[in-house]
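Let us take a walk through a protein together, one bond and one contact at a time. Have the sequence and the 3D view ready, and pause whenever you want to find a residue for yourself.

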Amino acid sequence: TVKNNCAYTVWPGILSNAGVAPPSTTGFALSPGESRAVAVADGWSGRMWGRTLCVQSSSSGAGFACATGDCGSGTVECSGRGAAPPATLAEFTLASIGGDDFYDVSLVDGFNLPVLVAPANGSCPTTDCPTDLNAQCPPELRVIVAGATVACRSACEAFGTEAYCCNGAHGTPAACAPTGYSRLFKAACPRAYSYAYDDATSTFTCAGGSAGYGVVFCPAGGSSSPRPSGNEASPPTSAAYPPMVFSSGGADPATTRHAVTLLPLLTAIFQAMTTR
């Protein structure tokens, strides 16, 4: 069951792992306070995330894109496409190893909104990132729309080094240690994955097939970002938002910050809408 406790509309996206049958829907809209049940097959594995600040450029249903978590399908359904980072992920592997489910909340691909995963089996632990990390995101990791921070990138996405991405010479748990950025994420959300090898305190298990799971966006309620449209709690899908602005050029935290645009699809949609 997916619930939106945010003060704005969220468009959940769902991606099944390779070789796993998708659920009946891979993307939909949730207004503030709304919830929806989504059934998945036995042994399902995949991820779910929330998309924010979405726009629709045509009445036919095409030309759909989101400022955060966009899956690039051009429609509300993600249809086998994953989230463009940064996005907070809820990840599941259901009843595939020893009869246990495995689940986590991951910030490895960055953060865009708070998420909680709660097993319906009350004896199993919840996991979450309930904090609005956008409010404390370092300037060099911020994704900015209309002057507001709407997402916080991972250090891997921002700088691309082996040490931050846990690849190359740093591609093993022994060689890839936490960094200052991942420690910041971990301090704010102790139960969530803060970097690729953060398994010990971030993966949770529950008896498979017990009762299902709840995924809650903004579990603490309130606005919890993003609000680039001033006082409007629910971002209007008819509004044209400016292209994203990153605070860092993507090389090193010490480099001079400059603006870059994200997602040509979003830019084209915004331009088309402003000329209508």
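Before we start, one term is needed: a residue counts as buried when its relative accessible area is under 20%, as exposed when that value is over 50%, and as partly exposed in between. Keep in mind too that this is a predicted model.

Let us try the term out straight away on a salt bridge. R191 pairs with D128, and their closest N and O atoms are 2.8 Å apart. The two partners come from distant parts of the chain: R191 sits in the loop between α3 and β12, while D128 belongs to strand β9, 63 residues away. Is D128 buried or exposed? Its relative accessibility is 8%, so D128 counts as buried. Its partner R191 has a relative accessibility of 35%, and therefore R191 counts as partly exposed.

The loop between α3 and β12 takes part in another salt bridge as well. Here the side chain of K186 meets that of D198, with 2.9 Å from N to O. Because K186 lies in helix α3 and D198 in the loop between α3 and β12, this pair ties together parts that are 12 residues apart in sequence. How do these two residues fare for accessibility? K186 has a relative accessible area of 19%, so it is buried. D198 is buried too, with a value of 10%.

How many salt bridges are there in total? The count comes to 4. One of them joins the side chains of R47 and D109, at 3.8 Å from N to O. R47 is found in strand β4 (residues 45-56) and D109 in the loop between β7 (100-106) and β8, so the salt bridge ties together parts that are 62 residues apart in sequence. R47 counts as partly exposed because its relative accessibility is 24%. D109, with a relative accessible area of 27%, is partly exposed as well. This pair also belongs to a network of salt bridges, in which R47, E91 and D109 are linked.

Now let us turn to another kind of link. A disulfide is a covalent bond between the sulfur atoms of two cysteines. The structure holds 8 disulfides, and we will visit some of them.

Start with C124 and C206, whose sulfur atoms are 2.0 Å apart in a disulfide. This pair links distant parts of the chain: C124 is in the loop between β8 (115-119) and β9 (127-129), whereas C206 is in strand β12 (residues 204-207), 82 residues away. Is this disulfide left-handed or right-handed? The torsion about the S-S bond is about 75 degrees, so the disulfide is right-handed. As for accessibility, C124 has a value of 11% and therefore counts as buried. C206 has a value of 3%, so C206 counts as buried too.

A second disulfide is formed by C166 and C176, with their sulfur atoms 1.9 Å apart. Both cysteines lie in the loop between α2 (162-165) and α3 (180-188), 10 residues apart. The torsion about the S-S bond of C166 and C176 is about -70 degrees, so this disulfide is left-handed. C166 counts as buried because its relative accessibility is 9%. C176 has a relative accessible area of 1%, so it is buried as well.

Another disulfide joins C71 to C78, with an S to S distance of 2.3 Å. The torsion about its S-S bond is about -90 degrees, so the disulfide between C71 and C78 is left-handed. Both C71 and C78 are buried.

For our last stop, go back to strand β12, where T205 lies. At 37% relative accessibility, T205 counts as partly exposed, because that value falls between the two cut-offs. Which residues does T205 touch, leaving aside those up to four places away in sequence? They are D101, F102, Y103, C124 and P125. You have met C124 before, as the disulfide partner of C206. T205 also shows how the chain brings together residues that are far apart in sequence: T205 and D100 are 105 residues apart along the chain, and their C-alpha atoms are separated by 6.2 Å.

Note on methods. Residues numbered from 1 in each chain as written. Predicted model: local features only at pLDDT ≥ 70, side-chain atom pairs only at ≥ 80, totals over all residues. Heavy atoms only, no water. Disulfide = S-S within 2.5 Å. Buried < 20%, exposed > 50% of the residue type's maximum accessible area, 1.4 Å probe, protein only. Helix = DSSP H or I, 4+ residues; strand = E, 2+ residues; numbered from the N terminus. Contact = heavy atoms within 4.5 Å.
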